[in-house]
Amino acid sequence: MTDADFLPFTRPDLDEATIAGVVEVLRSGWLTTGPWNAKFEQVLSEFFGGRTVRAFNSGTITMEVALRMLGVGPGDEVITTPLSWVATANVVLAVGARPVFVDIDPVTRNLDTSAIEAAITPRTKVILPVHLAGLPCDLDAIGALATRYKLRVLEDAAQAIGSTWRGRRVGSFGDFASFSFHPNKNATSLEGGCLVLPADADPQLAERLRLQGVRRTGLDGMDVDVVGCKANLTDVAARVGWGQMQRLDGFNRRRTELAKAYFAVLDAMKLAERGVQLPVRDFADSNWHMFQIVLPSAVSRAAVMQALKNRGIGTGVHYPPIHLFTLYRKLGFKPGDFPHAERVGAGILTLPLFPAMRDGDIGRVCGALDAVLREFGV
């Protein structure tokens, strides 16, 4: 088997127009934040219904900036999910606050909205839901809780670009929303992210926090009134992101087609009857960022991944439960705290899904998966 035969779990799709556009940016001499950032932010604003958007060099830093804009700090609590990329909780620690985890819904794998209210205390400032794999959380229920308890919402929508909630595009309504443009996302800017701001947020504060807290006036005036960071996006990255946004709708349509094909083959394999949990069949709201199954607890995920790799199939783990990492155990979290997240996190497996996949690749993946699972008695 050659490298060309290996099917990764994801692969970005950059067209020739974007590659040529990057060359133009490189030749322009303006490589850092400049005119292409403005164009990228404009197309993002249009995508999110005219809301104010600021671009950053990662999705992670947009969440930290949002928390700082909301004044979250030591003594405050942020409610979130234990089943996400660790950045979701790390940004809470970065501003000196404490993450308060709430277990997931075992079917959707998103934050269990029915359990949020019991976790609210006088120290709670923000609810931070994650739209895992592009499947949106119940934003109506979360919004109602936020209104009732006078809390703010920061959506970790890193994986949800193009997803909708009851017909409305995620990020086009609500409070703060953070998106990622990492290479494994539905649209990439190589590295990068954006923060969608609510009407009461100050875009200039977001800009100052993005670049060392600097405020400029005139040609030579400079002041710093807040501790910022170095999180601006280069114009090279912005040009890639702009090109990706032109193709996003097509990317997401193809992902939906591939997800439907997966279900057709996996249903024929009777995988659910064999103890393997399939994702929610959402073809209305999800952008199908990932196609994830959950293996039975008796099966070694690592062994399954290795066996699939030997057959030329790449897979991923998204994600181990955050609260079981050493850093979070030191904060007092322990096994058994969030049983649904622990079960799903121990068995979740991401299968290949990206727009450039061929129709036949679905059969190849499922055939290999079927053979491997039978070897392990499933």
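Here are some questions and answers about this predicted model.

Q: How many helices and strands does the protein have?
A: Let's start with the secondary structure of this predicted model. The count for the protein comes to 11 helices and 13 strands.

Q: What radius of gyration does the protein have, and why does it agree with a compact globule?
A: The C-alpha trace spans about 70 × 55 × 40 Å along its principal axes. For a compact globule of 378 residues, one would look for a radius of gyration near 21 Å. The protein agrees with that, because its own value is 21 Å.

Q: What share of the residues of the protein count as buried?
A: A residue goes into the buried group if its relative accessible area is under 20%. Applied to the 378 residues of the protein, this gives a buried share of 56%.

Q: What part of the exposed area do carbon and sulfur atoms supply?
A: Now for the outside of the protein, which exposes about 15,900 Å². Of that area, the part from carbon and sulfur atoms is 55%.

Q: How far apart do the centres of the positive and negative side chains lie?
A: The protein carries 41 positive side chains and 40 negative ones. Each set has its own centre, and the two centres are apart by 2 Å.

Q: In which sense do strands S10 and S11 pair?
A: S10 covers residues 214-217 and S11 covers residues 221-224. Val214 stands opposite Val224 in S11. Over 4 bridges, the sense of the pairing is antiparallel.

Q: Which residue takes a positive phi in the hairpin of S10 and S11?
A: This hairpin has 3 residues between its strands. Look there for a phi near 65°, and you will find Gly218.

Q: Is Gln212 buried or partly exposed?
A: Gln212 has a positive phi of about 60° although it is not a glycine. You will find Gln212 in the loop between helix H6 (203-210) and S10. Its relative accessible area is 40%, so Gln212 is partly exposed.

Q: Is Trp288 buried or exposed?
A: Trp288 is another residue to look at: it is not glycine, yet its phi is positive, near 50°. Its place is the loop between helix H7 (235-268) and strand S12 (291-294). With a relative accessibility of 2%, Trp288 counts as buried.

Q: What separates the C-alpha atoms of Lys270 and Asp370?
A: Lys270 also lies in the loop between H7 and S12, and at 45% relative accessibility Lys270 counts as partly exposed. Along the chain, Lys270 and Asp370 are 100 residues apart. In space, their C-alpha atoms are separated by 9.9 Å.

Q: Which peptide bond is cis, with omega near 20°?
A: Go to the loop between helix H8 (301-310) and helix H9 (326-329), where Tyr319 lies. The cis bond leads into this residue, from His318 to Tyr319.

Q: Which residues does Val53 touch, not counting those up to four places away in sequence?
A: Val53 is part of strand S1 (residues 52-56), and its 1% relative accessibility makes it buried. Its C-alpha lies 9.4 Å from that of Phe40, which is 13 residues apart from Val53 in sequence. The residues that Val53 touches are Glu41, Leu44, Ser45, Phe48, Cys194, Leu195 and Val196.

Q: What share of the contacts with a separation of 6 or more comes from residues 24 or more positions apart?
A: This last question takes in contacts across the protein, leaving aside any with a separation below 6. Residues 24 or more positions apart account for 70%.

Notes: Residues are numbered from 1 along each chain as its sequence is written. This is a predicted model: local features need pLDDT of at least 70, side-chain atom pairs count only at pLDDT 80 or more; totals for chains, interfaces and linings use all residues. Side-chain values use heavy atoms; hydrogens and water are left out. Helices (H or I, at least four residues) and strands (E, at least two) are DSSP runs, numbered from the N terminus. The radius of gyration is taken over C-alpha atoms; the globule rule is 2.2 Å times the number of residues to the power 0.38. Buried means under 20% relative accessible area, exposed over 50%, partly exposed in between (1.4 Å probe, protein chains only). Contact means heavy atoms within 4.5 Å. Accessible areas come from the Shrake-Rupley method with a 1.4 Å probe; for residues, only the protein chains shown count as cover. Lys and Arg count as positive and Asp and Glu as negative; His and the chain ends are not counted. The place of a charge is taken as NZ of Lys, CZ of Arg, CG of Asp or CD of Glu. Two strands pair if DSSP finds at least two bridges between them.
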